[in-house]
Amino acid sequence: MDLKVLSWNIRGLGQDPKVVAVRNVILKNNPAIVTIQESKWEVIDDKLIRSLWGSNRCNYVYQASEGASGGIIIMWKEGVVVMGDHLIGVFSLSIEFRNVADDFVWIFTSVYGASDVGYYNQCWQESRDIKLLFDEPWLIGGDFNATLSAADRNVSGGRTTNSKSFRSFVNRFSLVDLPMVRGRFTWTNSQQPPLLIRLDRFLLSGDFLAHCPAPVQLRLKRPISDHAPILLNCNSGG
């Protein structure tokens with residue numbers, strides 16, 4: 001499967017430099033699918049999507065923000081994948097895709113995980129329900145707002161309960177966590193000395209991985225936002 005998927009928590013698309021930064025990353029990496037977390041837009045229109053994608057040749061679905069909080073967008077290139085069903089959750093946006101080249105049907109879920117401890121359980125329950133609802137191969141990615149292990153931080157700390165819930169979720173569905181190339185951490189507090197954490201990642205189900213000949217997950221350069229964009233290349237050897 002020759003496919004690239006880009007994910008980025010942009011922390012709000014209300015500023016022109018952020019729109020330009022997203023477009024530049026898309027043009028440079030040529031992904032087939034792009035997901036944005038924290039759009040902070042209640043209504044997404046064709047004009048904004050064109051300004052992000054750089055052309056009209058894409059389709060999109062979005063989860064509206066609540067005021068200036070949250071919001072997820074998934075965009076995809078026409079003629080590469082086709083959308084079947086989709087599901088808008090509280091912490092996620094899921095699409096059933098069919099690859100045009102080989103008719104492979106799979107689920108993509110973009111996540112913006114709960115940052116408030118009071119919503120942790122609801123967030124993980126939603127992710128579990130998605131997998132139980134859809135039986136197809138699964139790719140889930142985005143900003144999980146959680147770490148899987150102590151190695152995901154440059155200093156010790158963090159909410160261990162949420163990390164345990166994350167590990168339990170990954171283990172329950174035997175999801176594959178690929179190593180991050182070009183840097184281990186995806187978020188910084190931009191202070192000195194900095195706190196660095198890996199909050200963003202892609203996770204693959206075994207049957208999705210079986211369809212990818214040589215997947216590689218990359219952390220890209222962070223031109224703006226406190227999160228770095230990440231890219232999954234499903235066929236780095238192709």
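**Exercise 1. The nonpolar core**

Identify the residues with the most contacts inside the largest nonpolar core of this predicted model, and the elements that give two or more residues to this core.

*Solution.* Step 1: The largest nonpolar core comprises 27 residues. Those with the most contacts inside it are Leu3, Ile33, Phe97, Trp106, Phe108, Leu139 and Phe208. Step 2: Two or more residues of this core come from each of strands E4 (72–77), E6 (92–99), E7 (105–112), E13 (200–204) and E15 (230–233). Step 3: Another core, of 23 residues, lies apart from it and includes Ile10, Val19, Val34 and Ile224.

**Exercise 2. The surroundings of Leu3**

Determine which residues are in contact with Leu3, leaving aside its neighbours within four places in sequence.

*Solution.* Step 1: Two of the residues in contact with Leu3, Ile33 and Trp106, are, like Leu3, among those with the most contacts inside the largest nonpolar core. Step 2: Leu3 is also in contact with Ala32, Val80, Val81, Leu232, Asn233, Cys234 and Asn235.

**Exercise 3. The setting of strand E1**

Establish why strand E1 (residues 4–9) is largely enclosed by the rest of the structure, and describe how E1 pairs with E15 and how bridges join E1 to E2.

*Solution.* Step 1: Five of the six residues of E1 are buried, that is, under 20% relative accessible area; therefore the strand is largely enclosed by the rest of the structure. Step 2: E1 pairs with E15 in the antiparallel sense, over four bridges; Leu6 has Leu231 of E15 as its bridge partner. Step 3: E1 and strand E2 (residues 33–37) run parallel and are joined by five bridges, with Thr35 of E2 as the bridge partner of Ser7. Step 4: From E1 the chain passes through helix H1 (residues 16–29) to E2, in a right-handed β-α-β crossover.

Methods
Residues numbered from 1 in each chain as written. Predicted model: local features only at pLDDT ≥ 70, side-chain atom pairs only at ≥ 80, totals over all residues. Heavy atoms only, no water. Core = buried A, V, L, I, M, F, W, Y, C linked by side-chain atoms within 4.5 Å. Buried < 20%, exposed > 50% of the residue type's maximum accessible area, 1.4 Å probe, protein only. Contact = heavy atoms within 4.5 Å. Pairing = 2+ DSSP bridges. Right-handed = clockwise from strand over helix to strand, strands pointing away.
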